[in-house]
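Visitor: I have a structure to look at and do not know where to begin. Please take me through a few of its features.

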Amino acid sequence: MYVIVTLSKLPQMSKVLREVTDELRRMFDSARSIVVLTGAGVSAESGVPTFRGGGGSEMWSWRGRPITELSSAELLATDPALVWEWFDYRRGLLKELTPNPGHFALAEWERRFESFALVTQNIDDLHRVAGSMNLFELHGNIWRARCLRCASTFEARETPLESAPACFVCGGASRPDVVLFGEMLPEGVFERAEEAASRADIFFVIGTSAVVYPAASLPILAKQTGAKIIEVNPEQTDISFLADVTVLGLAGEILPQFISGRAH
Ligand code: OAD
């Protein structure tokens with residue numbers, strides 16, 4: 001079940017950096033298996049608003065309702081049209097946005113490492129647009145819909161919407177193909193992410209406040225199974241205590257530094 005948990009702040013034991021040092025780049029270069037968890041922060045420099053940050057409170061509300069109510073299984077059950085309106089509003093914010101150097105750096109990392117997986121909580125599709133392929137979308141994708149009758153998923157890019165997209169397999173009513181509060185993650189995707197995390201040499205935690213579970217349990221699992229944890233975020237987070245290295249900075253500036261000046 002998809003829930004928010006705020007851990008009490010534990011002391012940061014890790015190394016805190018403000019740029020990628022040669023030592024950190026050497027550690028990166030020598031990894032055999034890299035797994036990355038991203039959150040809204042990786043898309044911030046593309047213009048996507050984050051949910052939290054700057055003090056940790058929920059920042060988003062729309063028509064006076066918090067996101068936890070708008071993106072909820074309860075609202076879908078009682079007012080599916082309003083859920084579509086909310087996601088259509090968000091699609092309107094996203095439709096002109098493009099990936100930033102952080103997304104492109106991650107796509108480049110995938111080309112350089114034999115074993116690479118990108119696990120994202122983002123539904124904005126920007127990792128795919130940037131070229132990432134081994135991508136686990138834990139919370140779904142805002143540009144897809146799912147049929148409420150036959151469960152087919154299909155691409156639905158029209159925005160603004162005149163009405164909820166009809167399923168093109170059976171004509172049934174649809175819902176956004178995203179995970180709502182109170183719902184389980186899509187079948188199998190989290191298990192595959194866990195499997196990848198448990199084999200990682202380095203596990204990156206990038207642009208996430210790490211308070212939404214089960215996504216935030218992945219770095220804990222990776223740490224338990226021997227990975228080094230590297231966090232990239234302009235602020236310390238609930239998961240910083242676990243990190244071996246925290247690089248304080250913007251994803252779009254820090255991620256390219258891992259490969260800058262390096263040939264394939
Ligand atoms: P949050 O909004 O909770 O956290 C965003 C994080 O990104 C914060 O820790 C910021 O400090 C950091 N940040 C901001 N700008 C950044 C930048 N340029 N580079 C790197 N980091 C930056 O977003 P998530 O952790 O992704 O689910 O939130 C998790 C889930 O909560 C989301 O998937 C969403 C929400 O409920 C759904 O709505 C389905």
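Guide: We will go through the domains, the contact between them, and then the salt bridges. Keep in mind that this is a predicted model.

Visitor: Which parts of the chain make up each domain?

Guide: The domain assignment puts residues 1–48, 98–139 and 185–264 in domain 1. Domain 2 consists of residues 49–96 and 142–178. Taken over C-alpha atoms, the centres of domain 1 and domain 2 are 25 Å apart. To the contact, domain 1 gives 17 residues and domain 2 gives 18.

Visitor: How do I read the size of such an interface?

Guide: Interface size is often stated as the accessible area lost when the parts come together. Here domain 1 and domain 2 bury about 1100 Å² between them, and 57% of that is on carbon and sulfur atoms. On the domain 1 side, A40, V48 and I123 supply 39% of the area buried against domain 2, more than any other three residues.

Visitor: How many salt bridges and polar contacts are there between the two domains?

Guide: There are two salt bridges between domain 1 and domain 2. Four residue pairs, both residues at pLDDT 80 or more, are in polar contact between the domains. On the side of domain 1 that touches domain 2, seven residues are nonpolar, five are polar and five are charged.

Visitor: What is the general idea behind a salt bridge?

Guide: Side chains of opposite charge can pair when their charged atoms come close. The whole structure has 18 salt bridges. One of them joins the side chains of E137 and R144, with 3.4 Å from N to O. Another links R65 and E69 at 2.9 Å, N to O.

Visitor: Are R65 and E69 buried or exposed?

Guide: Neither word fits: R65 counts as partly exposed because its relative accessibility is 28%, and E69 is partly exposed at 35%.

Visitor: Where do D88 and R91 lie?

Guide: Both are in helix α4 (residues 80–94), three residues apart, about one turn of the helix. D88 forms a salt bridge with R91, and their closest N and O atoms are 3.8 Å apart. D88 is buried, with a relative accessible area of 12%. R91 is buried too, at 0%.

Visitor: Which residues do salt bridges with shared partners join into one network?

Guide: Before that, one more pair: the side chains of R199 and E195 meet in a salt bridge at 3.1 Å, N to O. The network joins D125, R128, E137, R144, R146, E155, R157 and D177.

Technical notes
Residues are numbered from 1 along each chain as its sequence is written. This is a predicted model: local features need pLDDT of at least 70, side-chain atom pairs count only at pLDDT 80 or more; totals for chains, interfaces and linings use all residues. Side-chain values use heavy atoms; hydrogens and water are left out. Domain bounds come from an automatic or database domain assignment. Contact means heavy atoms within 4.5 Å. Buried area is the accessible area (1.4 Å probe) that two parts lose on being put together, summed over both. A salt bridge is a side-chain nitrogen of Lys or Arg within 4 Å of a carboxyl oxygen of Asp or Glu. A polar contact is a pair of N or O atoms within 3.5 Å; within protein, one must be able to donate a hydrogen and the other to accept it, and residues adjacent in sequence count only if both atoms are side-chain atoms. Ala, Val, Leu, Ile, Met, Phe, Trp, Tyr, Cys and Pro count as nonpolar, Asp, Glu, Lys and Arg as charged, and the others, Gly among them, as polar. Buried means under 20% relative accessible area, exposed over 50%, partly exposed in between (1.4 Å probe, protein chains only). Helices (H or I, at least four residues) and strands (E, at least two) are DSSP runs, numbered from the N terminus.
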